[in-house]
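Trainee: Could you walk me through this one slowly, starting with the rings and then moving on to the charged side chains?
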Amino acid sequence: MPEGGKPAVAAEMRQHAAAFVARVASSRLPLDYSVASLRVVDFLIDGLRKGSAERARIDVVLFGLGAYVGEVLARRAGAVWVDLDEAQRAYFGQRVGVRMPDGRVWSPLGKVVNRYEVGAEESLQTFYLTLPGRVATSRPVTERGSRACAAR
């Protein structure tokens, strides 16, 4: 759940990802919405697993990382944020997810929690690289989700 305790909704997930990236910008982490940055997310989660912070604080960070991973899927693989229906919420344990171009629904928030709870075998970079239904983008995607103009 995002900071403030308000339930997550699909329409706000891009903003949650951007806010998370802004909060960690001072740490100079290369969170640039690239596929390679998912390795950094794996590393960050491994650090959280080794730490002893209270779970409520970790949950806020995991939410931010999940929003970031979902936004990588949106920008790099053609996914769109969706509010999950009742059956999907029960299955994923989350309120929001992403729908891939082929119609499959995934839970980046759930994948981040799995990485935290299970460990390295739940790599987020490997998840992306083996993800069925993704569409590779050849150009960077802008903040609004459209492809950047190549003539800049």
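**Rings, charges and one serine**

Mentor: By the rule for ring pairs, the count comes to three aromatic pairs. The rule takes rings of Phe, Tyr and Trp (its six-membered ring) whose centres lie within 6.5 Å, and planes under 30 degrees apart count as stacked, over 60 as edge-to-face and the rest as tilted.

Trainee: And which kind of pair do Tyr-91 and Phe-92 make?

Mentor: The ring centres of Tyr-91 and Phe-92 are 5.0 Å apart and the planes are at 75 degrees, so this pair is edge-to-face. Before we go on, please keep in mind that this is a predicted model, in which local features need pLDDT of at least 70 and side-chain atom pairs count only at pLDDT 80 or more, while totals for chains, interfaces and linings use all residues. Residues are numbered from 1 along each chain as its sequence is written, and side-chain values use heavy atoms, with hydrogens and water left out.

Trainee: Okay, so is Tyr-91 buried or exposed?

Mentor: Tyr-91 is exposed, with a relative accessible area of 70%, whereas Phe-92 counts as partly exposed at 23%. Buried means under 20% relative accessible area, exposed means over 50%, and partly exposed is in between (1.4 Å probe, protein chains only).

Trainee: What about Trp-106, which ring does that one pair with?

Mentor: Trp-106 forms an edge-to-face pair with Phe-127, at 5.7 Å centre to centre and with 75 degrees between the planes. This pair links distant parts of the chain, since Trp-106 is in strand E3 and Phe-127 is in helix H6 (residues 124–129), 21 residues apart. Helices (H or I, at least four residues) and strands (E, at least two) are DSSP runs, numbered from the N terminus. Phe-127 is buried, with a relative accessible area of 9%, while Trp-106 is partly exposed at 23%.

Trainee: Switching to charges, how many salt bridges are there?

Mentor: A search of the whole structure finds eight salt bridges, each being a side-chain nitrogen of Lys or Arg within 4 Å of a carboxyl oxygen of Asp or Glu. One of them joins Asp-42 to Arg-115, with the closest N and O atoms 3.6 Å apart. Asp-42 lies in helix H2 (residues 37–50) and Arg-115 in helix H5 (residues 108–118), so the pair ties together parts that are 73 residues apart in sequence.

Trainee: Are those two buried or exposed?

Mentor: Both Asp-42 and Arg-115 are buried. Helix H5 also holds Glu-117, while Arg-55 lies in helix H3 (residues 55–77), so that pair ties together parts that are 62 residues apart in sequence. The side chains of Glu-117 and Arg-55 meet in a salt bridge at 3.7 Å, N to O, and Arg-55 is partly exposed at 36% relative accessibility.

Trainee: Which residues are linked in a network of salt bridges?

Mentor: Arg-14, Glu-71 and Arg-75 are linked that way. Between Glu-71 and Arg-75 the closest N and O atoms are 3.1 Å apart, and these two residues, four apart in helix H3, are separated by about one helical turn. Glu-71 is buried at 0% relative accessibility, and Arg-75 is buried too, at 6%.

Trainee: Last one, where is Ser-107?

Mentor: Ser-107 is in the loop between strand E3 (105–106) and H5, and with 5% relative accessibility Ser-107 counts as buried. Leaving aside neighbours within four places in sequence, Ser-107 is in contact (heavy atoms within 4.5 Å) with Phe-92, Gln-94 and Val-96.
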